[in-house]
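Please examine the sequence and the three-dimensional view that follow. The paragraphs after them lead through the structure step by step.

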Amino acid sequence: MLDRELILSLIPHQGGMCLLDEVHDWSEERIHCRTRSHQRPDNPLRSADGLRALHLCEYGAQSMAVHGGLLARQHGDRAQPGLLVALRAVRIDCAWLHELPDALDVFGERLMAAEASWQYGFRIEHAGRLLAEGRAAVMLAPCAARIG
C-alpha cells in the first residue's frame, strides 16, 4: 500500500486537489486507489449543495496520473504532465457523493500508451456498488503544448 505523501510526489495535483488517499495495489496495466476525500467538507470540487457525482471523472483521471507516475518512477524517471482531452462512454449511477459513508475504490486500467498519449478505462465503486465508469484520453505535455 502506498500513502498520500507518495501520491503527492507523483502528480501535479497538490493539497486538497489531490483526491486520492492511497494506492491499494498496482501493476503495469492496472491501479486500485482508495479515498475518503468525497466526505471532506473542504473538497475543492464541492459546492454549497455537496459533491456531485460528475466529479468521479476527475477521480478516475487522477488514478491515471498516479499510475503514470508510478510507471515512470519504476524506470527512474518522472511522468510527463498531461492534458485530459476526452471522456468517452461515461456512465454515472448516482447524483451525489458527500453522503456515502465508506471509502471510494478507484480503478484504472491502461488500454493504450503511446509516446504522446494514454488511454485508460476507469471505474469507481462504493462498498462494491458501481458508481461510475468510462474511458479517458490524455495527451502528454509536448504534444499538448503544440495544440495551444
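A residue is called buried when its relative accessible area is under 20% and exposed when that area is over 50%. With these terms in hand, one can turn to the model, which is predicted. Its protein chain has an average pLDDT of 94, and 95% of the residues score at least 70. One stretch calls for caution: over residues 143-148 the pLDDT is below 50, and in the model this stretch has 4 contacts beyond near neighbours in sequence. Where pLDDT is low, the predicted coordinates should not be read in detail.

A suitable place to begin is helix H2. This helix runs over residues 56-74, 19 residues in total. From its first C-alpha to its last it reaches 27 Å, close to the 27 Å expected at 1.5 Å a residue. Of the 19 residues of H2, 16 are buried, so the helix is largely enclosed by the rest of the structure. Just after H2 comes Gly76, which takes a positive phi of about 75°.

What does H2 pack on? To answer this, the sheet must be described. It is an open sheet of 6 strands, in the order E1-E2-E4-E5-E6-E3, with antiparallel pairing. Strand E1 (22-26) and strand E3 (82-92) stand at the edges with a single partner strand each, so one side of each has no neighbour in the sheet. On average, neighbouring strands of this sheet are turned by 25° against each other, direction ignored. H2 packs on this sheet and touches E1, E2, E3, E4, strand E5 (117-126) and strand E6 (129-140). The direction of H2 makes about 125° with that of E5.

The pairing can be followed from the edge strand E1. E1 and E2 form a hairpin with 3 residues between them, and they pair in the antiparallel sense over 4 bridges. Within this pair, Trp26 stands opposite Ile31 in E2. Strand E2 (residues 30-35) also pairs with strand E4 (residues 104-113), in the antiparallel sense and over 6 bridges. Here Cys33 stands opposite Val106 in E4. In a regular strand the side chains alternate between the two faces of the sheet.

Cys33 leads to a further question: how many disulfides does the structure hold? The number is 0. A disulfide requires two cysteine sulfur atoms within 2.5 Å. The closest cysteine sulfur to that of Cys18 is in Cys33, at 9.3 Å, which is too far for a bond. Cys18 counts as buried, because its relative accessibility is 0%. Cys57 is likewise in no disulfide, and the nearest cysteine sulfur, that of Cys94, is 11 Å away. With a relative accessible area of 8%, Cys57 is buried.

Finally, two alanines deserve attention for their backbone angles. Most residues other than glycine have a negative phi, and most peptide bonds are trans. Ala89, however, has a phi near 50°, a positive value in a residue other than glycine. This residue is found in strand E3, and at 55% relative accessibility Ala89 counts as exposed. Ala127 also has a positive phi, of about 50°, although it is not a glycine. Where does Ala127 lie? It lies in the loop between E5 and E6, and with a relative accessible area of 58% Ala127 is exposed.

Terms used:
Residues numbered from 1 in each chain as written. Predicted model: local features only at pLDDT ≥ 70, side-chain atom pairs only at ≥ 80, totals over all residues. Heavy atoms only, no water. Helix = DSSP H or I, 4+ residues; strand = E, 2+ residues; numbered from the N terminus. Expected span 1.5 Å × (residues − 1). Buried < 20%, exposed > 50% of the residue type's maximum accessible area, 1.4 Å probe, protein only. pLDDT = per-residue confidence, 0-100. Contact = heavy atoms within 4.5 Å. Pairing = 2+ DSSP bridges. Axes fitted to C-alpha atoms, helices over the stretch in contact; angles between N-to-C directions.
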